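Student: I am new to this structure and would like a close look at a single part of it. Could you take me slowly through the surroundings of the bound molecule?

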Amino acid sequence: MKIIILGIESSCDETSASICIDGKVMNNIIATQSIHEEYGGVVPELASRAHQKNIVLVVESALKAAKVEFSDLSAIAVTQGPGLLGALIVGYSYAKSLAFALNIPIINVHHMKSHILAHFIETPIPKFPFLCLTISGGHTQIVKVNSTIKMNVLGSTKDDAVGEAFDKGAKLMGFPYPGGPQIEKYAISGNPDKFLFAESQITDLNFSFSGIKTSLLYFLRDHLKHSPDFINKNREDICASYQKHLISMLTKKLILAAQKTGIKEIAIAGGVAANKELRIQIKQLSHKYQWNNYIPRFEYCTDNGAMVAMSGYIYFKNKSFGHLTDTPQPRMSFENEK
Ligand code: KG4
Ligand code: ZN
C-alpha cells in the first residue's frame, strides 16, 4: 500500500500544497500573495483572506498534477505553527475538515522543522548529525539535527530574525516586500565595502539583528539630511554593504558552531537561504573548512508545501499523528529533543 501524503502550508503569505508518494515529492504548488508588496510587510488580515481564496484551488492543483484522488490520501500534513494565527487557521481548518471527511489522520508539522526536513526531498541528503542554519522572516537558528525527529537548537536570535532585518532594511529604503530579494538584486552591482554598520556584540551562538537595523536607520537619516537623493544615488552600495554585514553575522556563528561541535555536515534552510551571495559564501567556507554543504533548491527554501508533505511522510512512518481537537499554534515551540 502506497503512503500518499497531502502537505498544506499557510503560515505566512504563501498558500501551498504538495503531494508526496512513498517519500517522493511529486509537485509543489504555490500561490504567492503579491498584495503585501506595497505595505512593506505581511498584513495578517489580507494574508488570511488570500489563503481562503487560494486554498481549494491550490490543493486541487496538487492532487491533479500528481494524478491522485482525495480517496487515495493516507494522511494530511499541515503547518500547525509557528506563524500568523489567522493564516494558520485557514490551512489548519481546511486540513482538519478534509481529514474528518476522508477519515484519515492529520499530521502536525512545525514550520521551522519542515524547513530543515526540506533537505530530505532531494539527494544528496546530509548525514547525521548535521548543523542547519535555519533562516527565515521570523526565525534565525543554528540547529543540531541528530535525526529527522531529534533536533536541538544551539543558538537563535535574541530579537529580530535575519529575514526581518532584510525586510525592514528594504522598507527603510522604500523597496517593496519581501525585502530580501530586493536588497539582493541591487547588491549585485554594489560595493560591499563602501559602508559600515554596527557589529552585534553577542559572543555565543545566539544572534541579534535589531542593532544593525537601527544602525541603517540612523545612517540613512543622517545622510538624507544633507542629500535627499542619497538612497537613489547609493542604492547598490548601501544594499551590498548591508547584505554583506548580515551574511557575515550568519557565517561567523555558523563557523563557531562547526568549531564547537566538530560537525562538518553543514546545511542551510528557510527563505533567506535563497540568497545567492550567502549560497556562494557557504560553498567557499565549505572549501576552506572541509565542510560538506547542503543547499536546497530555491523553491524549497522559501515557504512551500513540499517540505510539509515530506515532513508528513517522515512523521507518518514514525506514527506521529495529530488529533482533530488540536489547534494551530502561532508561537509553537521547537521542543529540543535529546
Ligand atoms: O521561510 P520564508 O519564506 O517565510 C518565513 O517563514 O518567514 O522566509 C521569508 C524571508 C523574508 O524575510 C524574505 O525577505 C527572505 O526570506 N528572503 C530573502 C531572499 N528570498 C527571501 N532574503 C535574502 N535574500 C533572498 N534572496
Ligand atoms: Zn518559512
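Student: Which of the 19 residues around ligand 1 come nearest?

Tutor: Please keep in mind from the start that this is a predicted model, and that every value below is computed from it. Of the 19 residues around ligand 1, those that come nearest are His-111, His-115, Gly-137, Asp-167 and Asp-303.

Two of these five residues can be followed down to single atoms. In the case of Gly-137, a polar atom of the backbone is 2.9 Å from an oxygen atom of ligand 1, whereas for Asp-167 it is an N or O atom of the side chain that is 2.6 Å from an oxygen atom of the ligand. A nitrogen atom of ligand 1 also has a partner, since an N or O atom in the side chain of Asn-275 is 3.0 Å away from it. As for how much of the ligand is covered, ligand 1 taken alone exposes 550 Å², and the protein buries 92% of that area. The place in which ligand 1 sits is the largest pocket, and the elements that give two or more residues to the shell around the ligand are helix 3, helix 4, which spans residues 162-172, and helix 5, which spans residues 179-187. Among the elements, helix 5 gives the most to this shell, with four residues.

From here it is worth turning to His-115, which is named among the residues that come nearest to ligand 1 and which has its place in helix 3, a helix made of residues 111-117. Is His-115 buried or exposed? His-115 counts as buried, because its relative accessible area is 0%, and the cut-off for that word is under 20%. When its neighbours within four places in sequence are left aside, His-115 is in contact with Thr-134, with the run Ala-269, Gly-270 and Gly-271, with Cys-301, Thr-302 and Asp-303, and with Met-307. Asp-303 therefore appears twice in this picture, as a contact of His-115 and as one of the residues that come nearest to ligand 1, where contact means heavy atoms within 4.5 Å.

One more residue can be placed by reference to helix 5, namely Phe-209, which lies in the loop between that helix and helix 6 (210-226). Phe-209 is likewise buried, because its relative accessibility is 0%. Not counting residues up to four places away in sequence, Phe-209 touches several residues, including Thr-140, Asp-160, Val-162, Ala-165 and Leu-246.

Technical notes: Residues are numbered from 1 along each chain as its sequence is written. Chains are lettered from A and ligands numbered from 1 in the order in which they are written. This is a predicted model: local features need pLDDT of at least 70, side-chain atom pairs count only at pLDDT 80 or more; totals for chains, interfaces and linings use all residues. Side-chain values use heavy atoms; hydrogens and water are left out. Buried means under 20% relative accessible area, exposed over 50%, partly exposed in between (1.4 Å probe, protein chains only). A residue is near a molecule or strand if one of its heavy atoms lies within 4 Å of it. A polar contact is a pair of N or O atoms within 3.5 Å; within protein, one must be able to donate a hydrogen and the other to accept it, and residues adjacent in sequence count only if both atoms are side-chain atoms. Accessible areas come from the Shrake-Rupley method with a 1.4 Å probe; for residues, only the protein chains shown count as cover. On a 1 Å grid over the protein atoms alone, a cavity is a set of points where a 1.4 Å probe fits but cannot get out, and a pocket is an open set with protein on both sides within 12 Å along at least five of seven lines; lining residues have an atom within 4 Å of a point. A molecule sits in a cavity or pocket if more than half of its atoms lie within 2 Å of its grid points.
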